[in-house]
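Welcome! Below is a short set of exercises to work through with the structure open beside you. Try each task before you read its solution.

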Amino acid sequence: MKTKEYIKKLEQEIEKQKGKIAERKRLEEIKVIARDYDGDTKVVPSHELVEIIKNRPDEEKMMSGIDGLDKILDGFRRKQLIILSALSGVGKTTFALELTDRMRKYNPLFLSYEQTADELIQGFIERQDDVPLFFTPLKITDNSKEWIENKVIEGIAKWDSQVVFIDHLHYIIPFTTRRHDLAVGDMVRFLKQLANKWNIVIFLISHLRKVELEKRPTISDLKDSSAIGQECDTLIMLSREVRDGLMSNDTLLSVQKNRKKGKLGVVKLSFTGGKFYEFNWQEPEKKGFK
């Protein structure tokens, strides 16, 4: 190797080593800054969190007034996203409206996309039923995330709404060229973040894919995206007892997911006089749900 070439390579190696030394020094300086950080997102041992949690005020439990459901869930909690799902005609909207009545002290906000608020209330009037108390926009004019959040803020600011019902998921999915299941997952995550941001409970009605009428639906039967079941805190499914090929008033409420407590279970209800009541009906030995 010629002397000039040797000197050039030696100089290159020296510069390389200087760069490595400078990089190591920079990383050490970063570590010092990180070590001294004392903000809200600092890394702490789990035992320190135990003490923080123990010193918090008791978490509010929002009860549904359905004893069997409340025993399973131990109440709904703020910042939760609750999915209500069932086949068409089983009574998803009716059950959601009943929850607004049972939870009226939380000033529920109801965003109804499938039917207008006028149509819902007119139905109660025609049946000569008492109209449950809920708060709702005079008109639903948009299904964008921004519009939904604005109505949530308005409900909180004007009426102290602490629970929000949205009927239903598939009406608020924007038309897009990308995959529909990704759009569904994106909206569900947004609603979960919205519940957390505004310290409220959001109840979201969601459809099932087509399943047999006699079959008890499960989390795998949710329509369009697995993100619906993955992102929610609680999943409640309704199904009707089938007799002679027809849906009866006997209803099964099934808690399919319970992130807070982990406990799952079923509650037997009967749909009578436009309302759901707990009633321990008997299942036929060879008929009904499979």
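**Exercise 1. Decide whether Asp244 is buried, partly exposed or exposed, then describe its place and its backbone.**

Solution. Keep in mind from the start that this is a predicted model.

Step 1. The relative accessibility of Asp244 is 65%. A residue counts as exposed over 50%, so Asp244 is exposed.

Step 2. Now look for its place in the chain. Asp244 sits in the loop between β5 (234-243) and β6 (246-258).

Step 3. Turn to the backbone. Phi of Asp244 is positive, at about 55°, although the residue is not a glycine.

**Exercise 2. Find where Gln128 lies and work out its exposure.**

Solution. Step 1. Gln128 belongs to the loop between α5 (117-126) and α6.

Step 2. Its phi is near 60°, which is a positive value in a residue other than glycine.

Step 3. With a relative accessible area of 72%, Gln128 is exposed.

**Exercise 3. Describe the overall build of the chain and compare its radius of gyration with that of a compact globule.**

Solution. Step 1. Begin with the secondary structure: the chain has 8 helices and 8 strands.

Step 2. For 290 residues, a compact globule would have a radius of gyration near 19 Å, but this chain has 27 Å.

Step 3. Next, take the box along the principal axes. The C-alpha atoms fill roughly 100 × 45 × 40 Å.

Step 4. Look at burial and contacts. Of the 290 residues, 41% are buried. Among contacts with a separation of 6 or more, 66% are between residues 24 or more positions apart.

Step 5. Finish at the surface. The accessible area of the chain is about 17500 Å², and carbon and sulfur atoms account for 52% of that.

**Exercise 4. Check whether the length of helix α6 agrees or disagrees with its number of residues, then find what its buried residues pack against.**

Solution. Step 1. Helix α6 covers residues 145-159, which is 15 residues.

Step 2. At 1.5 Å a residue, the helix should span 21 Å. The C-alpha atoms at its ends are 21 Å apart, so the two values agree.

Step 3. List the buried residues of α6: Trp147, Ile148, Glu149, Val152 and Gly155. These buried residues pack against β2 (109-112), β3 (163-167) and α7 (180-198).

Step 4. Move just past the end of α6. There, Asp160 takes a positive phi of about 60°.

Step 5. Continue to the loop between β3 and α7, where His168 is found. The peptide bond from Asp167 to His168 is cis, with omega near -5°.

**Exercise 5. Compare three salt bridges: give the N to O distance in each, and say how exposed the partners are.**

Solution. Step 1. A general idea helps first: side chains of opposite charge can pair when their charged atoms come close. The cut-off here is a side-chain nitrogen of Lys or Arg within 4 Å of a carboxyl oxygen of Asp or Glu. By this rule the model has 24 salt bridges.

Step 2. Asp38 and Lys42 meet at 2.7 Å, N to O. Asp38 is exposed at 58% relative accessibility, while Lys42 is partly exposed at 33%.

Step 3. Glu59 pairs with Arg77, and their closest N and O atoms are 3.0 Å apart. Glu59 lies in the loop between α2 and α3 (67-73) and Arg77 in the loop between α3 and β1 (81-86), so this pair ties together parts that are 18 residues apart in sequence. Glu59 is partly exposed at 41%, whereas Arg77 is buried at 4%.

Step 4. Lys158 pairs with Glu154, with 2.6 Å between the closest N and O atoms. Both are in helix α6, and because they are 4 residues apart, about one helical turn separates them. Lys158 is exposed at 54%, and Glu154 is partly exposed at 29%.

Step 5. Now look for shared partners. Salt bridges join Glu59, Lys61, Asp74, Arg77, Lys260 and Lys261 into one network.

**Exercise 6. Which residues join Leu49 in a nonpolar surface patch?**

Solution. Step 1. Locate Leu49 in helix α2 (residues 46-54).

Step 2. At 41% relative accessibility, Leu49 is partly exposed.

Step 3. Its companions in the patch are Ile52 and Ile53, and the three residues together have about 260 Å² of accessible area.

Key. Residues are numbered from 1 along each chain as its sequence is written. This is a predicted model: local features need pLDDT of at least 70, side-chain atom pairs count only at pLDDT 80 or more; totals for chains, interfaces and linings use all residues. Side-chain values use heavy atoms; hydrogens and water are left out. Patches are made of residues with over 30% relative accessible area and no salt bridge: like charges are joined within 9 Å, nonpolar side chains (Val, Leu, Ile, Met, Phe, Trp, Tyr) within 5 Å. Accessible areas come from the Shrake-Rupley method with a 1.4 Å probe; for residues, only the protein chains shown count as cover. Helices (H or I, at least four residues) and strands (E, at least two) are DSSP runs, numbered from the N terminus. Buried means under 20% relative accessible area, exposed over 50%, partly exposed in between (1.4 Å probe, protein chains only). The expected span of a helix is 1.5 Å times one less than its number of residues. Contact means heavy atoms within 4.5 Å. The radius of gyration is taken over C-alpha atoms; the globule rule is 2.2 Å times the number of residues to the power 0.38.
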